[in-house]
Amino acid sequence: MRRVAIVGAAMTKFGEDWERGFRDLIAEAGVKAIDDANMSGKEIDAIYGGTMAAGRLIGQEHITALIADYMGLNPIPATRVEAACASGGVALRTGYLAVGSGLHDIVVVGGVEKMTDVPVGDAAVALGGAGDQEWELFMGATFPALYAFIARRHMHEFGTTEEQMAMVAVKNHSNASKNPYAHFQNVISVRDVMKSKKVASPLKLYDCSPITDGAAALILAPLEKARKYTDTPIEIIASSQASDTLALHHRKSLTTLNATVEAARKAYNMAGVKPNDIDVCEVHDCFTIAEIIAYEDLGFVKKGKGGRAIEDGETALDGRIPVNTSGGLKGCGHPVGATGVKQAVEITWQLRGEAKSRQVKGAEIGLTHNVGGSGATCVVSIMRRAD
Ligand code: COA
């Protein structure tokens, strides 16, 4: 494998966007990333695009051909990647493999979703396709309901409280308020979360990530050529993916995502680092309980201690291991296909020292954790500022 670096990174403002369509979002992110890498579109060899449900949400399939066409990049190969909410993370891994293998030199990795053109109920049905359609969605279990099962079980096994889950939302809204690209810019309190309407008990409105429009893009290049494009290449030192059962009821435990444990173990081995070496990370907090479980499954704390970690401020911006400096899925928003790419954009900015008021001082190693469905796919990537 050749060593691979991120040489360009960009995203659109996330949120409810009535002004622009799907193709405008991905084109904006793509063009900004190409500009960020100081290159011309002619140098690009391939596109890998993550999107989960364009067919159901905007009635458009064949989206990477659309992107290549709209961005004037024909005739290069343009490949769609779908792995539910991990579509962006798997697109990043696919681009990494393409450059690492020597097949392509310069690759655009994009992620995009336009979710607010349909009513929330229709979006929930589309998202439900990430779980087991026959055994979960058909029986009435939407994604908030599945994560509510997980939350209840975590509370039962480890004494995790609704207030601790609320603290995840409070932290992530606070971080989002420092991120001009975030869906939500408002700071909230534990009381606001506790008072918000019940969605699937014990999860309330503020425990949930929102329905969001947005896109993000990265430019990858072989590390040996990266300095032609940037003074601050960010090397991808590990990229790992694992799978688990689609349906929750087939798992031995509801409180561990085995795909996360496995992908993280392989990623740490590949990078030659330990959980303690991670300076900053973006984890998949589709619901607040998911962030608490991610702390445990990524090895930042012992099993069952995730609630304690948020309560003790360990994952705050100035904590031992700052988590979701972008605001995460909760605060920055969750345009599902874009999320895995956006996570890497945030880590790139952090490692370059460009994250402004949410900058983690001296960050050198960062991690992204992107989950599909309720944990059937997980991608963990580790990045380091190249010397
Ligand atoms: N967090 C905070 N505020 C939210 C929010 C969220 N998750 N979702 C919506 N809001 C706000 C809106 O901005 C709006 O505020 P306003 O009145 O000031 O404009 C208000 O709540 C009502 O918005 P609306 O779109 O009517 O909310 P809703 O009740 O239809 O949808 C959820 C709320 C939680 C059901 C929806 O966001 C949802 O389904 N989230 C989960 C998405 C998901 O499952 N993703 C995949 C994960 S694996």
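**Exercise 1. How large is the area buried between domain 1 and domain 2, and what percentage of it do carbon and sulfur atoms give?**

Solution. This is a predicted model, in which local features need pLDDT of at least 70 and side-chain atom pairs count only at pLDDT 80 or more, while totals for chains, interfaces and linings use all residues. Residues are numbered from 1 along each chain as its sequence is written, and side-chain values use heavy atoms, with hydrogens and water left out.

Step 1. Identify the parts: domain 1 covers 4-119 + 212-234, and domain 2 covers 140-208 + 235-385; these bounds come from an automatic or database domain assignment. Their C-alpha centres lie 23 Å apart.

Step 2. Count the residues in contact (heavy atoms within 4.5 Å). Domain 1 contributes 47 residues and domain 2 contributes 38.

Step 3. State the buried area, that is, the accessible area (1.4 Å probe) that two parts lose on being put together, summed over both. The value is about 3,200 Å², with 68% from carbon and sulfur atoms. On the side of domain 1, Phe-14, Cys-85 and Ile-234 supply 22% of the area buried against domain 2, more than any other three residues.

**Exercise 2. Determine which polar links cross the interface and which elements of domain 1 take part.**

Solution. Step 1. Apply the salt-bridge rule (a side-chain nitrogen of Lys or Arg within 4 Å of a carboxyl oxygen of Asp or Glu). The rule finds one salt bridge across the interface of domain 1 and domain 2. Arg-352 forms a salt bridge with Asp-36, with 2.9 Å between the closest N and O atoms.

Step 2. List the elements, where helices (H or I, at least four residues) and strands (E, at least two) are DSSP runs numbered from the N terminus. Strand 1 (4-11), helix 1 (22-36), helix 4 (87-100), strand 4 (107-114) and strand 7 (213-222) each supply at least two residues of the side of domain 1 that touches domain 2. Strand 1 gives the largest share, eight residues.

**Exercise 3. Describe how the rings of Phe-143 and Tyr-147 are arranged.**

Solution. Step 1. Recall the rule: rings of Phe, Tyr and Trp (its six-membered ring) pair if their centres lie within 6.5 Å; planes under 30 degrees apart count as stacked, over 60 as edge-to-face and the rest as tilted. The structure holds three aromatic pairs.

Step 2. The ring centres of Phe-143 and Tyr-147 are 6.4 Å apart and the planes stand at 35°, so this pair is tilted.

Step 3. Both residues belong to helix 6 (residues 143-158); because they are four residues apart there, about one helical turn separates them.

**Exercise 4. Locate the cis peptide bond that leads to Pro-75 and the one that leads to Pro-202.**

Solution. Step 1. The bond from Asn-74 to Pro-75 is cis, with omega near 10°. Pro-75 sits in the loop between helix 3 (63-70) and strand 3 (78-81).

Step 2. Ser-201 and Pro-202 are joined by a cis peptide bond with omega about 10°. Pro-202 lies in the loop between strand 5 (198-200) and strand 6 (203-204).
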